[in-house]
Amino acid sequence: MPQLNSVYLLVLLVIAATQCIPGLAAAAELVGSRPNIVLIMSDDMGYGQPGFNGGNRELTPNIDRLAETGLQLKQFYTHSVCAPTRAALLTGRYAFRTWSDWRSEDFGKPTYLKRLGLTLATNEDGEATRRIHALDTHERTIAEALRDAGYFTSIIGKWHCGEWLKEHLPMQQGFMHQYGHYAWGIDYNTYMIPHNAPAPFHVYDWHRNETPIREEGYATDLIAAEFERVIAKQTDDKPFFIYVPFNAVHGPIDVVPRHTDRFTARDAALKCYDEAVGRIVAAIRTHGFDENTLLICTNDNGGLTEESNRPFRGTKNTTYEGGVRVPCIMRWPGKLEAGSSTDAMMHVTDLFSTCVNLAGGDLEQDRPLDSLDMTDTLFNHDPSPRTEIIFEVSGSVRIPTIRSGDFKLMGDQLFDIIRDPSETTNVAAQHPELVQRLSQRLVEVGRERPPLGEKPLLMTPALPYVYGLEENKSPPGWLIEAVDLARAKQPQSWPEGKTPWPQAPNNNSSNPYSGKK
C-alpha cells in the first residue's frame, strides 16, 4: 500500500508540474493552426547593435520593444553572408547544397572565379561578363510550400538569389507579390547597384511585380510603406506570409534622410530601419492581425566590424560567432511568453519546417531538408533537436566550419562555444579525437555538394540598364536617362588590380574587410 501511494503521489506531481509549465501543450495545438507569418530580416546588423543586446537604445526602441514583448533566441545562427542565408531560409537547406555559398556577383569577380577554377567569361558580343548563377529553380522554397498550403505570399525588399533570368526571380519561386530589388545592395535613394561585376558601373534595381518602377524616397521607408499597402489588402479569409528582407543596414550608405545631426550615417540608417520595424508592427495591429500573427525579426549575418558584434569575435564573411550568430526575436501574443529568452540552438534553415508545420503545409519533398521543426522548442520549452550546424564545407570561399554540441571546429581551430563564446582560446590540442571526428564529418557532408558545372549561361549585355532580362529589353526613357547620368559621374577606369568591389576574403582573418564595402 505505501508503494502504491508513492506511485499515486508521483503521478500527481507529474500532472501538477505539467500544468504549471506555461504553453507545454501549446505546440501540438498550434501545428496546423495557420497563423499569419511576417518575417523581417535586416542586412549586416551586428549582434551587439540592438539596445536589447547592449547597443545604443536610442537607435532601436522599436526592436527593443519587440524583445520585451516576445521571445529572444540567444543561439540563433545563419550563414556568414547575405545570399547564403537567404537561400538557406528559402529552401530549408544548407547553402552549399545549392552552391548559394557563392553569390551571383561572385561569378563576375576574377579573384572569386579563380577559387572555383573558372575564368572571367566573354559573351557573344565580345564583352567581359558574369556567368549566370542563381538559386536552382528545382529547389522548393518556403514561399512555394506556404502558397500551396493556401497562403498569400509576398516579398518586400531584397531578394539576392538571382537577378537576371526570369525563372530566377521571386515570382517564379513562389511569391505572388514582389517589391524591392533583386541583387546585392542598392543606393537607398537612387535604387541603383553601384557595379555589375566585372563592369564597374551602375544598374537600376527597383521593381514591383517584376516591372521597373519610378519612385522617390529612402528605400527603408519605401519598404515599410509597401508593407502597409500590402497588409491593408489582407483579410481573415486567407492567411499571409510576408517576407520583408530590408537592405538596411547594408552599404552603400551615403545619404540618410534624417538623424545625421545626432548620429553617424550608419547609425542613422539603423535608426531609420528601427522606425520601419515600428511601422510594420503598428500596421499588423491596426488591421487587426496582431493576435494571429507570428512575427519574426532577425538578421542575415554578422556586422562589418567586431565592435558591432560584441561580445563575439569575427565579422560578416567569417564563421566566427560574430559572423554567424545574429539577433532573433519571435513574437506571437498569447502563444510565446513575453519578455522570455531561450539558449536553444537554432539555424535559419529551421524556419522552413517550423513555419510550414504551423501552417499545416506539406514537408514531404524530393530534396532532403536540413531544416528541423522547432515548434516543441519554441512553444513547449523542450530542448532543441538541433545538435549540429554545418556552416561551410570544402569548395566554399570560406573556411569549412561545423558546430557540434558545445564545440565548433573552424578549419584547424576548435572552440568551446559554451565556455568561451568569444572564441579566445583554441582548444584543439586538448581534444584531438574530437577534432578528428568533426573534420571527418565535414569531409563526409562536403561530399554531398552537387557538381557546379561549367556555368555556360552568360549575362548579355554585360552592363544592362536594369536587372531582369525581360525588363531590360525595353527600359523606360526615364530609367535610361537616370542611369546614364549616374554612370557619367562614376570613375571611368580603375588602376590595374583595383576594383570597386572587395576581393575574395582572407580565410585567416577574423575581419576580411579592409574598409571597403
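Let's start with Pro-464 and what surrounds this proline. Setting aside neighbours within four places in sequence, Pro-464 is in contact with Trp-164, Asn-196, His-202, Val-203, Met-459, Asn-472 and Arg-487. Please keep in mind as we go that this is a predicted model. Pro-464 itself is in the loop between helix 12 and helix 13, the latter spanning 477–488. Is this proline buried or exposed? Its relative accessible area is 1%, so Pro-464 is buried. There is also a nice long-range pairing here: Ala-199 is 265 residues away from Pro-464 in sequence, yet the two C-alpha atoms are 9.8 Å apart in space.

Let me step back to the whole chain for a moment. If you turn the model around, you'll be looking at 13 helices and 18 strands. The radius of gyration is 23 Å, and the globule rule gives 24 Å for 517 residues, so the protein is as compact as a globular protein of that length. Along the principal axes, the C-alpha atoms fill a box of roughly 95 × 55 × 50 Å. As for burial, 60% of the 517 residues count as buried. The accessible surface comes to about 20,500 Å², and carbon and sulfur atoms hold 52% of that. And if you take the contacts with a separation of 6 or more, residues 24 or more positions apart account for 71% of them. The Pro-464 contact with Trp-164 can serve as an example of a contact across the sequence.

Now a strand residue, for those of you who like the sheet side of things. Thr-153 lies in strand 5, residues 152–158. With a relative accessible area of 0%, Thr-153 counts as buried. Which residues does Thr-153 touch, leaving aside those within four places in sequence? They are Ala-143, Leu-146, Arg-147, Gly-174, Phe-175, Met-176, His-177 and Phe-241.

On to the empty spaces. How many cavities of 30 Å³ or more does a search of the whole structure find? The search gives six. I'd like to show you the second largest, with a volume of about 80 Å³. Its lining has 14 residues, and those nearest the centre are Ser-100, Ala-134, Leu-135, His-160 and Cys-161. By character, the lining of this second largest cavity divides into seven nonpolar residues, six polar and one charged.

Ser-100 deserves a closer look. You'll find Ser-100 in the loop between helix 4 (82–91) and helix 5 (110–115). Its relative accessibility is 7%, under the 20% cut-off, so Ser-100 counts as buried. Apart from neighbours within four places in sequence, Ser-100 is in contact with Ala-83, Pro-84, Ala-87, Ala-95, His-133 and Leu-135. Notice Leu-135 in that list: Leu-135 is also among the residues nearest the centre of the second largest cavity.

Next, helix 10, which runs over residues 350–358. This helix is mostly covered, with nine of its nine residues buried. Among them are Asp-350, Phe-352, Asn-357 and Leu-358. After helix 10 comes Gly-360, with a positive phi near 75°.

That brings me to backbone geometry, and there are a few spots to click on. A cis peptide bond joins Gly-251 and Pro-252, with omega about 5°. Pro-252 sits in the loop between strand 11 (240–245) and helix 8 (265–286). Another cis peptide bond joins Arg-310 and Pro-311, where omega is about 15°. Pro-311 is in the loop between strand 12 (293–299) and helix 9 (321–324).

Then we have positive phi values at residues other than glycine. Asn-209 is not a glycine, but its phi is positive, about 50°. Asn-209 is in the loop between strand 9 (207–208) and strand 10 (211–212). Glu-423 is not a glycine either, and has a positive phi of about 55°. Glu-423 belongs to the loop between strand 18 (413–416) and helix 12 (432–446).

How do these two stand with respect to solvent? Asn-209, at 34% relative accessibility, counts as partly exposed. Glu-423, at 0% relative accessibility, counts as buried. So that's a charged residue type with a positive phi in a buried position.

That's my tour. Happy to take questions!

Notes:
Residues are numbered from 1 along each chain as its sequence is written. This is a predicted model: local features need pLDDT of at least 70, side-chain atom pairs count only at pLDDT 80 or more; totals for chains, interfaces and linings use all residues. Side-chain values use heavy atoms; hydrogens and water are left out. On a 1 Å grid over the protein atoms alone, a cavity is a set of points where a 1.4 Å probe fits but cannot get out, and a pocket is an open set with protein on both sides within 12 Å along at least five of seven lines; lining residues have an atom within 4 Å of a point. Grid points are joined across faces, edges and corners, and a volume is the space filled by probe spheres set on the points. Helices (H or I, at least four residues) and strands (E, at least two) are DSSP runs, numbered from the N terminus. The radius of gyration is taken over C-alpha atoms; the globule rule is 2.2 Å times the number of residues to the power 0.38. Buried means under 20% relative accessible area, exposed over 50%, partly exposed in between (1.4 Å probe, protein chains only). Contact means heavy atoms within 4.5 Å. Accessible areas come from the Shrake-Rupley method with a 1.4 Å probe; for residues, only the protein chains shown count as cover.
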